[in-house]
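Subject: A structure for you to look at

Hi there,

Here is the structure I promised to pass on to you. Have a look at it first, and then read my notes underneath.

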Amino acid sequence: MIIQRVVLNSRPGKNGNPVAENFRMEEVSLPDNIKEGQVQVRTLYLSVDPYMRCKMNEDTGTDYLAPWQLSQVVDGGGIGIIEESKHTNLARGDFVTSFYWPWQTKAILDGNGLEKVDPQLVDGHLSYFLGAIGMPGLTSLIGVQEKGHISAGSNQTMVVSGAAGACGSLAGQIGHLLGCSRVVGICGTHEKCLFLTSELGFDAAVNYKKGNVAEQLRESCPAGVDVYFDNVGGDISDTVISQMNRNSHIILCGQISQYNKDVPYPPPLPPAVEAIQKERNITRERFTVLNYKDKFQPGLLQLSQWYKEGKLKIKETVINGLENMGVAFQSMMTGGNIGKQIVCISEDVSL
C-alpha cells in the first residue's frame, strides 16, 4: 500500500525562523501485513505546537524531547481510526491518539504506544483530543492549578500572554473558573483581542503591537498582577513581571519568542527584571506537564465536563491536507492561528 508522509527536509538553524520548506512530502509503501501487537491506523487529525520548534534542532535543549532526524518522518500529537488490529485491547473502528503520531496518511503502530479515546468526551469533535481535551488543555489546567496558587474570593488578577493560542485561550478561561476575579489577555491583533473579550469572557485584552504595552497593562490591571500565565517570554514578559505584586506567581508554560534563539530554557531574565522578581518574592518555576501524569485522567474529565456545560469555549484554526503541515507549522509559529492549530488529514470516520 502506497501512503504519503512528511519528513524533515532541512533544519532552520538554531537561531533561524522555521519555514514550510523545512518539511517535504514523499510517498512510501506500508507492509501488507501487521505483526502481533500492532495496529494499522488511518490518520484523521494532526497537531502542530510551539514545542516542535525545539525538535527541529540537532539538540533540543531538553532531556524529554528527542530531535527530529533529517529525511525521517516527523511526528507529534495525532488522532486516527484503527483499520486493522492484532492488539488484544484495541479493535477495528477504535479511535486512538498518541504524542508520537507519524505525519503520514496511514501508519502501522505499536498498539502499546496508543491511547484509546471516547468520542463522547468531546461530543464527536475528535480533533479536540489534540487541543482542549488533550495535552494543551492539561497543560493549561494543571499549570494553573499547580503553579498559579489561585484562591477563590481573593480578588486575584491573572494575565495571559499568547492569550489567543491553544494554551492561552484555555488558561484565561480556567483562571476565571478557578476563582480569579479579573483575567487580561495579551495578543497581537485587534481580531484576537475582540475574540478574547467577546467570546472567551476575558475582562480586557492588550494588543502588544499597538501602543504602549506597559500603559495598557496598568489600565487593564489597576490592582497589579497576581498570576501570570507566560506563553511568550521576552520583552512582553519583562513588562508584565514589572507590574506583578508581592508574593505573586508566574506559570512558565512556554517562551515562544525565544524558541528561534539559542538560549537555555527557561531563558534568564534581564538583571533589572530578575531583581524585581527576587525583591517581590515572585515564583518562576519551570513547569513540565509530563511530571503530572497522575493528574491527566481527572484533568481530562474536568475539561470535558466544563466544555459540555458550556463553561469552556473551544476554538480551532483548521488547515486541510497532509501537504500543508509545513504551512500550518510556520503559520502557528508566527501567530497565524486563533485557538488550536489543527491539520485535518481525513474527516472520514467510516471503515
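Which residues does UniProt list for "domain: Oxidoreductase N-terminal"? The record, an unreviewed entry, gives residues 5-117. Before going further, please keep in mind that this is a predicted model. In the model, the C-alpha atoms at the two ends of residues 5-117 lie 24 Å apart. Strand makes up 42% of that span, and helix makes up 4%.

Now for the domains. The domain assignment splits the chain into domain 1, made of 2-131 + 314-344, and domain 2, which covers 135-290. Taken over C-alpha atoms, the centres of domain 1 and domain 2 are separated by 28 Å. Domain 1 brings 24 residues to the contact, and domain 2 brings 18 residues.

How much area do domain 1 and domain 2 bury between them? The answer is about 1,700 Å², with 61% of it on carbon and sulfur atoms. Across this interface there are 0 salt bridges, while 3 residue pairs are in polar contact, both residues being at pLDDT 80 or more. On the side of domain 1 that touches domain 2, the elements giving two or more residues are α1 (52-55) and α9 (325-333). The residues of that side divide into 11 nonpolar, 8 polar and 5 charged.

Salt bridges do turn up in the structure, which holds 12. One of them joins the side chains of D49 and K340, at 3.1 Å from N to O. This pair links distant parts of the chain, with the two positions 291 residues apart in numbering terms. D49 sits in the loop between β3 (38-47) and α1, and K340 belongs to strand β15 (residues 340-344).

One last residue to find on your screen is S29, in strand β2 (residues 23-29). Leaving aside residues up to four places away in sequence, S29 touches M1 and I2. From S29 to Y64 is 35 residues in sequence, and their C-alpha atoms are 31 Å apart in space.

Enjoy exploring, and write back with any questions!

Best wishes

How values were computed. Residues are numbered from 1 along each chain as its sequence is written. This is a predicted model: local features need pLDDT of at least 70, side-chain atom pairs count only at pLDDT 80 or more; totals for chains, interfaces and linings use all residues. Side-chain values use heavy atoms; hydrogens and water are left out. Domain bounds come from an automatic or database domain assignment. Contact means heavy atoms within 4.5 Å. Buried area is the accessible area (1.4 Å probe) that two parts lose on being put together, summed over both. A salt bridge is a side-chain nitrogen of Lys or Arg within 4 Å of a carboxyl oxygen of Asp or Glu. A polar contact is a pair of N or O atoms within 3.5 Å; within protein, one must be able to donate a hydrogen and the other to accept it, and residues adjacent in sequence count only if both atoms are side-chain atoms. Ala, Val, Leu, Ile, Met, Phe, Trp, Tyr, Cys and Pro count as nonpolar, Asp, Glu, Lys and Arg as charged, and the others, Gly among them, as polar. UniProt positions are given in the numbering used here, feature names are shortened, and annotations may be inferred rather than shown by experiment.
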